[in-house]
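Hello,

Here is the structure I promised to pass on. Please open it first, then read my notes below.

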Amino acid sequence: MSLQHIKTGNRVEIHLNRGNDIKYTSLVEENYEDGKLLLYIPMMYGKIIKLPIDEEYSFTFVTENGILKYNALIKEYVYMDDFNFMIIEVKSEIERVQRREFFRFECVLPLKFTEVLDGEENDKSLSDGTIQDLGEGGIRFLSNEDIEVGDRLKFFITLNYDRAVAIGDILHKQEYPKSNFKFQYRVQFFDLQQQERDRILKYIFFEQRFKARKDREEVSMDD
């Protein structure tokens, strides 16, 4: 088996292999290059998820060389530098995965966007929106602008102290006539540049770590 393409910061999806759709997300911290990897312990709804040790799970890695899938065992849990990790041992050969949908991170972020017509963008005429979830594959956002399914837009996404720029297509539209925002849209990014992808993943990574640390501090105060 070859793990050479798996790098620190690569996102991971963990599937339970039990005939259901339950999955957890994590990030690679270190590749030991001996068939073992150090991953952050996954979280869901702000809670750390510790899966049983020595059971086999499916791990899907999003890398620069594509989406790679392996079966692996969770060997042990370790605590280092104020973070919880798990060590996994890969037990299968590589399987390459073709997939359009990616993990979405729930958040509230300001958004600017403009329509792309015949390949031309009008960056001087920007509309406003609010992002509800974000991933390397696309976004879900609210806006009062009436946009048609299939329209292509250019998005300017504020990420704390950084900004990502992406082109995307409207896949789904939902009307909320009595809400502060009249429309909700789901977007799939089109040909997202690697540097923009990295900005989005970096934002998600640090927000997840910040939330995990905040949750631990709240638990300590309760104790």
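A residue counts as buried when its relative accessible area is under 20%. Arg-11 has a relative accessible area of 5%, so Arg-11 is buried. Keep that cut-off in mind, because a residue over 50% is called exposed and one in between is partly exposed. One caution before the details: this is a predicted model.

**The chain as a whole**

The chain has 1 helix and 16 strands. There are 223 residues, and 43% of them are buried. The accessible surface is about 13000 Å². Carbon and sulfur atoms hold 45% of that surface. Now take the contacts with a separation of 6 or more: 55% of them are between residues 24 or more positions apart.

**Salt bridges**

How many salt bridges does a search of the whole structure find? The count is 12. Three of them follow.

Start with Arg-11 again. Its partner is Glu-13, and their closest N and O atoms are 3.5 Å apart. Glu-13 has a relative accessible area of 1%, so Glu-13 is buried too.

Next, look at Glu-136 and Arg-197. Their side chains form a salt bridge at 3.1 Å, N to O. Where does each partner lie? Glu-136 is in the loop between β12 (127-135) and β13 (138-143). Arg-197 is in helix α1, residues 194-222. The two are 61 residues apart in sequence, so the pair ties together separate parts of the chain. Are Glu-136 and Arg-197 buried or exposed? Both are buried.

The third pair is Asp-146 and Lys-173, with a salt bridge of 2.4 Å, N to O. This pair also links distant parts of the chain, 27 residues apart. Asp-146 sits in the loop between β13 and β14 (152-159). Lys-173 belongs to strand β15, residues 162-175. Lys-173 has 22% relative accessibility, so it counts as partly exposed.

Some of these bridges share partners. Through them, Arg-11, Glu-13, Glu-136 and Arg-197 join into one network.

**Asp-133**

Find Asp-133 in strand β12. Its relative accessible area is 8%, so Asp-133 is buried. Its side chain makes a polar contact of 2.8 Å with the side chain of Arg-140. Leave aside the neighbours within four places in sequence. Asp-133 is then in contact with residues including Arg-104, Phe-105, Glu-106 and Cys-107. Gly-138, Ile-139 and Arg-140 are also among its contacts.

**Nonpolar cores**

The largest nonpolar core has 25 residues. Which of them touch the most other members? They are Ile-131, Leu-134, Ile-139, Phe-141, Phe-155 and Ile-157. Several elements give two or more residues to this core: β10 (105-117), β12, β13, β14, β15, β16 (183-189) and α1. The largest share comes from β10, with 5 residues.

Ile-157 is a good residue to click on. Setting aside neighbours within four places in sequence, its contacts include Leu-109, Pro-110, Leu-111 and Phe-189. Ile-131, Leu-134 and Ile-139 are also among them. So are Asp-162, Arg-163 and Ala-164.

Another core lies apart from this one. That core has 23 residues, among them Ile-49, Ala-72, Ile-74 and Tyr-77.

Best wishes

Technical notes. Residues are numbered from 1 along each chain as its sequence is written. This is a predicted model: local features need pLDDT of at least 70, side-chain atom pairs count only at pLDDT 80 or more; totals for chains, interfaces and linings use all residues. Side-chain values use heavy atoms; hydrogens and water are left out. Helices (H or I, at least four residues) and strands (E, at least two) are DSSP runs, numbered from the N terminus. Buried means under 20% relative accessible area, exposed over 50%, partly exposed in between (1.4 Å probe, protein chains only). Contact means heavy atoms within 4.5 Å. Accessible areas come from the Shrake-Rupley method with a 1.4 Å probe; for residues, only the protein chains shown count as cover. A salt bridge is a side-chain nitrogen of Lys or Arg within 4 Å of a carboxyl oxygen of Asp or Glu. A polar contact is a pair of N or O atoms within 3.5 Å; within protein, one must be able to donate a hydrogen and the other to accept it, and residues adjacent in sequence count only if both atoms are side-chain atoms. A nonpolar core is a set of buried Ala, Val, Leu, Ile, Met, Phe, Trp, Tyr and Cys residues joined through side-chain atoms within 4.5 Å.
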